[in-house]
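Work through the exercises below with the sequence and the model open. Each task is followed by a solution in steps.

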Amino acid sequence: MKIKTLALLFGFSTLPVMAGDIAMVIHGGAGTILKSKLTPEKEREIRSKLEESVKKGYAVLKNGGASVDAVIAAIQNMEDSPLFNAGRGAVYTWDAVHELDASIMDGKTHNAGAVAGVSRIKSPIEAARTVMDKSVHVMLSGKGAEQFAENQGLEMVDNSYFDTERRRKALDKVKQALISEDHAMQFTQAMTDYKFGTVGAVALDKEGNLAAGTSTGGMTAKRWGRIGDSPIIGAGTYADNGSCAVSATGHGEYFIRYHVAADICARVKYQGKNIVDAGDEVLNKELKQVGGDGGVIIMDSKGNIATPFNTPGMYRASVDTDGKVTVKIFNDE
Ligand code: ASP
């Protein structure tokens with residue numbers, strides 16, 4: 001007998017909430033993140049911002065909110081922090097400006113939204129969500145995306161809002177390396193050495209709906225309007241209630257070519273793999289053997305979590321279905 005019928009029969013006015021499991025996982029980028037390169041203060045600062053961000057997303061779920069809203073809450077908290085390569089603190093392009101990419105996907109409806117190469121929208125993840133909810137399109141880019149965001153009443157900022165001293169120094173360093181040697185070889189090397197810093201989140205709400213989102217400044221010294229995997233549905237972001245939800249970080253060109261996020265979910269869906277095996281196969285076999293550096297966060301429809309990466313570290317944090325909070329940076333913890 002349905003609960004509602006029972007409620008009517010026995011006359012209790014407030015229906016018991018049949019809450020399903022909720023869970024949240026975030027990343028703040030993967031790459032050459034070594035303990036020796038982080039001061040204890042910096043490490044503490046990063047861990048506490050990761051914890052704060054995952055808890056912001058989890059609080060939305062706890063209050064009965066939708067997974068899409070939880071993803072937005074967690075990502076915006078990281079976009080606002082200069083610690084990550086997204087929003088304020090985004091890396092610089094070759095021309096010393098910031099061009100941001102973001103995407104979001106709803107696992108229930110397969111709706112998705114993305115923005116690419118935007119330079120004046122304060123919260124690219126919010127813009128991606130607005131594209132999903134308020135337009136008939138999936139991806140908008142550059143000036144058009146900005147015009148759309150402005151018309152929708154989103155907060156616009158001057159490009160210098162995203163400036164940080166640290167990222168400016170990184171640009172100078174990368175440019176120096178690029179100018180001095182063979183460009184293509186050096187670019188690949190610079191990217192390999194670079195600690196990526198993109199942010200992403202995946203959530204499962206009490207209705208059993210998954211969502212995933214990713215936001216980034218891309219790669220230092222990118223030029224010619226280069227777009228990475230982060231705003232590409234199936235590459236950097238994917239969500240499907242029937243399999244899993246994924247947000248990626250890493251060397252975007254590989255993640256696009258190997259269609260990483262969708263490939264992981266396809267293995268779960270069609271091969272019946274669990275998310276640990278599916279993620280491990282794609283990250284540590286497919287990508288690793290071709291030199292595609294990076295990592296992903298994955299969640300299945302039961303709220304199980306996997307965070308595989310093939311770099312020395314990945315900033316990550318989660319709240320599992322038991323409410324246990326975990327924050328990790330290195331690969332040996
Ligand atoms: N995947 C991003 C890109 O290629 C970079 C990152 O993850 O940090 O644009």
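**Exercise 1. Find which residues Thr249 touches, not counting residues up to four places away in sequence, and state whether Thr249 is buried or exposed.**

Solution. The model is predicted.

Step 1. Thr249 belongs to strand β8, which spans residues 244–250.

Step 2. Leaving out residues up to four places away in sequence, Thr249 touches His27, Gly29 and Ala30, then Phe196 and Thr198, then Phe255, and finally Asp293, Gly294, Gly295 and Met314.

Step 3. For one of these residues, Ala30, a polar contact can be given: the side chain of Thr249 reaches the backbone nitrogen of Ala30 at 3.5 Å.

Step 4. The relative accessible area of Thr249 is 1%. Buried means under 20%, so Thr249 is buried.

**Exercise 2. Locate the residue that carries the UniProt annotation "active site" and describe its surroundings.**

Solution.

Step 1. The annotation, from an unreviewed UniProt entry, covers Thr198.

Step 2. Thr198 sits in the loop that runs between α7 (183–193) and β5 (199–204).

Step 3. With a relative accessibility of 6%, Thr198 counts as buried.

Step 4. Neighbours within four places in sequence are set aside. The contacts of Thr198 then include His27, Gly28, Gly29 and Asn85. Thr214, Ser215, Thr216, Ser230 and Ala248 are also in contact with Thr198, as is Thr249.

**Exercise 3. How many cavities of 30 Å³ or more does a search of the whole structure find, and which residues are closest to the centre of the largest cavity?**

Solution.

Step 1. The search finds one such cavity.

Step 2. The largest cavity holds about 80 Å³ of space. Its lining is made up of 14 residues, and those closest to its centre are Thr198, Thr216, Gly218, Ser230 and Gly250.

Step 3. Sorted by type, the lining has three nonpolar, nine polar and two charged residues.

Step 4. Strand β8 supplies the largest share of this lining, with three residues.

**Exercise 4. Compare the UniProt feature "binding site" with the lining of the largest cavity.**

Solution.

Step 1. The unreviewed UniProt entry places this feature at Arg226, Ile227, Gly228, Asp229, Thr249, Gly250, His251 and Gly252.

Step 2. From this set, Arg226, Gly228, Asp229, Thr249, Gly250 and Gly252 are part of the lining of the largest cavity.

Step 3. Take Gly252 as an example. Gly252 is found in helix α8, which covers residues 252–257, and has a relative accessible area of 0%, so Gly252 is buried.

Step 4. Apart from neighbours within four places in sequence, Gly252 is in contact with Met219, Arg226 and Asp229. Arg226 and Asp229 also belong to the "binding site" set.

**Exercise 5. Which backbone oxygens does the side chain of Asn310 reach?**

Solution.

Step 1. Asn310 lies in the loop between β10 (305–306) and β11 (313–319).

Step 2. At 3.0 Å, the side chain of Asn310 reaches the backbone oxygen of Leu283. The backbone oxygen of Gly292 also lies 3.0 Å from a polar atom of the Asn310 side chain.

Step 3. Beyond its neighbours within four places in sequence, Asn310 is in contact with Leu283, Asn284, Leu287, Lys288, Gly292, Asp293 and Gly294.

Step 4. Asn310 counts as buried, at 10% relative accessibility.

**Exercise 6. Describe the phi angles of Ala96 and His259 and where these residues lie.**

Solution.

Step 1. Most residues other than glycine have a negative phi.

Step 2. Ala96 has a positive phi, near 65 degrees. Ala96 is in the loop between α3 (67–79) and β2 (100–106) and is partly exposed, with a relative accessible area of 23%.

Step 3. His259 also has a positive phi, near 50 degrees. The loop that holds His259 runs between α8 and α9 (260–271), and His259 is partly exposed at 41%.

**Exercise 7. How many helices and strands does the protein chain have, and what share of its residues count as buried?**

Solution.

Step 1. The chain has 10 helices and 12 strands.

Step 2. Of its 333 residues, 54% count as buried.

Step 3. Among contacts between residues at least 6 apart in sequence, 69% join residues at least 24 apart.

Methods
Residues numbered from 1 in each chain as written. Predicted model: local features only at pLDDT ≥ 70, side-chain atom pairs only at ≥ 80, totals over all residues. Heavy atoms only, no water. 1 Å grid on protein atoms, 1.4 Å probe; cavity = no way out; pocket = protein on both sides within 12 Å on 5 of 7 lines; lining within 4 Å. Points joined across faces, edges and corners; volume = space filled by probe spheres on them. Helix = DSSP H or I, 4+ residues; strand = E, 2+ residues; numbered from the N terminus. Nonpolar A, V, L, I, M, F, W, Y, C, P; charged D, E, K, R; others polar. UniProt positions renumbered as here; feature names shortened; annotations may be inferred. Buried < 20%, exposed > 50% of the residue type's maximum accessible area, 1.4 Å probe, protein only. Contact = heavy atoms within 4.5 Å. Polar contact = N/O pair within 3.5 Å; in protein donor to acceptor, adjacent residues only side chain to side chain.
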